[in-house]
Amino acid sequence: LPTGGDDRTSGGNLLGRWAHVSSDDSNLSLQLYYDRTHVSQPVPALVINSLALAPAGIFQDDLTTYDLDFQHRFGLGRNHRLVWGFGWRLTRDRVANAPALGFSPAQLNQDLIGGFVQDEIALGQNATLTVGTKIEHNDYSGHEVEPSVRLQWSVAANQSVWAAVSRAVRRPSRIDRDLTQGTPPNFVLLAGGREFESEKVTAYELGHRAQFGPSLGTSLSGFYNDYTD
């Protein structure tokens, strides 16, 4: 496919992080992040069967991102190690569409707000159960929940087995919902839409690890993934 010329990308970012250790099993961290990116992309004409549906042009995008992330780790009693946190991300997207490629709307502000909690539970001397969940809210699909459960058991001094069940989500992106190939008043060949939903997977995992002396170790794992949407 012809590219129409060279892409040009520029920008910069700034990151600040603060951490505080209260004890051997307790610490806090706070991170702030800012990013500014400019993209200029020559887009060739949209031509189908020698018919020019949209002329060539320049697509430009200015994306500004603000991101806040907080995490707290601590022990609870003798058998629990917890970690929790929350985050907020604001993106400001400003686009100058090319005749053959663009986004609608051309200006868009979006919020991504989320939190998570995880508990690592010691089940006696040889087993650990880890349970947790992540919850997010985005402007495209609303609330998304991603829980997980993981069990690890040391069956012997040199062998362990583990199993896990988890759920993951790929939420809609600006490309899925807002991209247009050909922009009004030109002919629009392809357009994203609100019908695009989050893609989901439930993953089941099972594994075994063993160490047979200092020079030989084995790892065997299997998984089954169930995808929807």
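Where is the place of Asp229? Select Asp229 to start: it sits in the segment after β15 (217-228). Strands here (E, at least two residues), like helices (H or I, at least four), are DSSP runs numbered from the N terminus. Before moving on, know that this is a predicted model, in which local features need pLDDT of at least 70 and side-chain atom pairs count only at pLDDT 80 or more, while totals for chains, interfaces and linings use all residues. Residues are numbered from 1 along each chain as its sequence is written, and side-chain values use heavy atoms, with hydrogens and water left out.

Stay on Asp229 for a moment. It is not a glycine, yet its phi is positive, about 55 degrees. Asp229 is also exposed, with a relative accessible area of 57%; exposed means over 50%, buried under 20%, and partly exposed in between (1.4 Å probe, protein chains only).

**Zoom out**

Now show the whole cartoon. You should find one helix and 15 strands. The radius of gyration, taken over C-alpha atoms, is 24 Å, well over the 17 Å that the globule rule gives for 229 residues, so the protein is more spread out than a compact globule. That rule is 2.2 Å times the number of residues to the power 0.38. Put a box around the C-alpha atoms along the principal axes and you get roughly 70 × 40 × 35 Å.

Switch on the surface next. It comes to about 14,700 Å² of accessible area, 56% of it from carbon and sulfur atoms, by the Shrake-Rupley method with a 1.4 Å probe. Of the 229 residues, 26% count as buried.

**The core**

Select Val43, Leu46, Leu53, Ala54, Phe59, Val95, Ala98, Ala100, Leu101 and Phe103: these 10 residues are the largest nonpolar core. Such a core is a set of buried Ala, Val, Leu, Ile, Met, Phe, Trp, Tyr and Cys residues joined through side-chain atoms within 4.5 Å. Colour β4 (51-54) and β7 (101-103), the elements that give two or more residues to this core.

Now centre on Val95. Leaving out residues up to four places away in sequence, Val95 touches Phe59, Gln60, Asp61, Phe103, Ala106 and Arg174, where a contact means heavy atoms within 4.5 Å.

**Along β6**

Gly87 is the next stop, in strand β6 (residues 80-96). Buried or exposed, at 18% relative accessibility? Gly87 counts as buried. With the same sequence neighbours left out, Gly87 touches Leu68, Asp69, Leu112, Ile113 and Gly114. Draw a C-alpha to C-alpha distance from Gly87 to Phe116 as well: 9.1 Å in space, for 29 residues in sequence.

**Backbone oddities**

Most residues other than glycine have a negative phi, and most peptide bonds are trans. A few spots are worth a click with that in mind.

- Ser104 to Pro105: this peptide bond is cis, with omega near 10 degrees. Pro105 is in the loop between β7 and β8 (107-123).
- Pro184 to Pro185: which form does this peptide bond take? It is cis, with omega near 10 degrees. Look for Pro185 in the loop between β12 (179-181) and β13 (190-191).
- Asn49: here phi is positive, about 55 degrees, although the residue is not a glycine. Asn49 lies in the loop between β3 (46-48) and β4, and is exposed with a relative accessible area of 76%.
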